[in-house]
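Grab a pencil and work through these exercises with the model open beside you. Each task is followed by a solution that goes step by step.

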Amino acid sequence: MDIIYRSTRNSAGGLKASEAIIQGISTDGGLFVPDHFPKLDKSVSELAKMDYKGVAYEVMKLFLTDFSEEELKYCIEHAYDEKFDTEEIAPLSYVENAYYLELFHGKTIAFKDMALSILPYLMTTAAKKNHVEEKIVILTATSGDTGKAALAGFADVEGCGIVVFYPKGGVSRVQERQMVTQKGANVKVVGITGNFDDAQTGVKQIFADRELQAQMKERGYRFSSANSINIGRLIPQVAYYVFAYTRLVKEGRISDGEKINFTVPTGNFGNILAGYYAKQIGIPVKNLICASNENKVLFDFFESGIYDRNREFILTSSPSMDILISSNLERLIYEIAGEDADACRELMKSLSENGRYEITDAMKERLKGFIGGYASEEECAKRIHDVYADTGYVMDTHTAVASAVYDKYVKASKDTTPTVIVSTASPFKFTRSVMEALEQKKEDADDFELIDRLSAMTGMNVPNAVEEIRNAEVLHDTVCDKEQMKDEVIKFLK
Ligand SMILES: *Cc1c(COP(=O)(O)O)cnc(C)c1O
């Protein structure tokens, strides 16, 4: 049965997958959700015989039902190729008491590559299928990693342009350099004087600005999104949860049908939501452990049923998780409200007007299977240090949030369920914080010097993604206020 995508804020209408990908976000501000969850039609033992691309196809075909087999396979072939530095694409490492699912072997060494290496192919295929004549302009807010991964994917893609907004001063040195050195005739990178939530809100406002859209259409442009609000990002992420499960079965680590936990370092709630979708299509998941850093708005939500963003925004050493408005939670809210778009719309209205909302007891009941946790800056640094000292495994600051949360969870719950920790970035992307944790002192040295020291200390090669930017020329230096984001987009399209 074909899957139709509807807005979380309006039960009328409905789009095919390819149309939802082109549009990105619903015109009412809601996010597109599937009208039902399909079920995997291959057994775990069949999937275990496939490689990453094979599994990705089996998952994506269930959700992107208006793409032909040929179209999907074309997209998958071109996405998961030598851009990744390992043939497995998403390898698992067993360290201490958990499996680390390494999603950082792509071009920009963060997990955003898993979806953003395929989104440009899905987008251009969708545009062709739907006879879209305008040029598609991707507008993206980034907490650091989406920006580069989207730029790398969309640079010089015919029929597309891309503008990225990042919080100036709110990303790591490597993250910033990766973005501002981006080449391509169709790209623009803008720092904003604000945080990630400001950037994301600004982009959402541009999407909701119908007048601007009409103007742009006349000039031959239409906007779309590369943020995880786009189902073209969310659906490819479901694949690695399925892949991880089938690898554990294949390697004899678990039996077919045995339940496992996933611990996910969470910001915008896209990654962990993909885990929830994997559970819905048939992967045996016991708990999804949602790990937050000191911006623990999600932890508080899972504890109390109250989502309250009225609090201080904290800059941490896991900047890609410094978020107080987790956009994709809206999709979960829609599900636990019993797919009630009116209820969901009211709660989101309260969030935008009052900065908070509270869910009902019945909704809280349906949150079973999610466990919230958080880790302080100190706990994360200690975790990086201790795991390296005990095992020689080095993790980045985001993965460390998940690892520290999992460690606390196991001690408190005594749960021995096999657990996958979703590892979202290479330690070389956040080397300063990682080195400070390993050496337990402040570092004055330049970031690139620290990168070389980390490499010498651990024997790990410096990834290409870092070498590429060491001496690259800075090509983007625009900085604007959050109120000027729209003007920057208009300027770019002149
Ligand atoms: C984006 C990101 C996260 C958070 O993922 P969400 O899908 O936003 O929850 C965690 N770690 C890293 C390294 C990221 O880039």
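A polar contact is a pair of N or O atoms within 3.5 Å; within protein, one must be able to donate a hydrogen and the other to accept it, and residues adjacent in sequence count only if both atoms are side-chain atoms. Before you start: this is a predicted model, where local features need pLDDT of at least 70 and side-chain atom pairs count only at pLDDT 80 or more, while totals for chains, interfaces and linings use all residues. Residues are numbered from 1 along each chain as its sequence is written, and side-chain values use heavy atoms, with hydrogens and water left out.

**Exercise 1. Find the side-chain partner of E58, and say whether E58 is buried or exposed.**

Step 1: go to helix α3, residues 52-63, where E58 sits. Helices here are DSSP runs (H or I, at least four residues), strands are E runs of at least two, and both are numbered from the N terminus.

Step 2: look at the side chain of E58, which makes a polar contact with the side chain of K61 at 2.8 Å.

Step 3: check the cover. Buried means under 20% relative accessible area, exposed over 50% and partly exposed in between, with a 1.4 Å probe and protein chains only. E58 has 7%, so it's buried.

**Exercise 2. Describe the surroundings of the ligand, then its polar contacts.**

Step 1: count the shell. The ligand has 15 residues around it, with K112, D145, G267, N268 and N271 the closest; a residue is in if one of its heavy atoms lies within 4 Å.

Step 2: sort the shell by class, which gives five nonpolar, eight polar and two charged residues. Ala, Val, Leu, Ile, Met, Phe, Trp, Tyr, Cys and Pro go down as nonpolar, Asp, Glu, Lys and Arg as charged, and the others, Gly among them, as polar.

Step 3: pick out contacts to ligand oxygens. A polar side-chain atom of D145 is 2.4 Å from one, an N or O atom in the K112 side chain is at 2.6 Å, and a polar backbone atom of N271 is at 2.9 Å.

Step 4: ask about cover. The ligand alone exposes 380 Å², and the protein buries 98% of that (Shrake-Rupley areas, 1.4 Å probe; for residues, only the protein chains shown count as cover).

**Exercise 3. Follow α7 from D145 and see what N186 does with its side chain.**

Step 1: α7 covers residues 145-154, and nine of its 10 residues are buried. D145 and F154 are among them.

Step 2: just past α7, D156 has a positive phi of about 60°.

Step 3: jump to N186, in the loop between α8 (173-180) and β8 (187-193). Its relative accessibility is 7%, so N186 is buried.

Step 4: trace the N186 side chain. One of its polar atoms is 3.1 Å from the backbone oxygen of F154, and the side chain also reaches the backbone oxygen of C160 at 2.8 Å.

**Exercise 4. Set I109 beside H131: which is buried and which is exposed?**

Step 1: know the background. Most residues other than glycine have a negative phi.

Step 2: look at the backbone. I109 isn't a glycine, yet its phi is positive, about 50°; H131, not a glycine either, also has a positive phi of about 50°.

Step 3: place them. I109 is in the loop between β5 (98-102) and α5 (112-116), while H131 is in the one between α6 (119-129) and β6 (135-141).

Step 4: check accessibility. I109 is buried because its relative accessible area is 4%, whereas H131, at 65%, is exposed.
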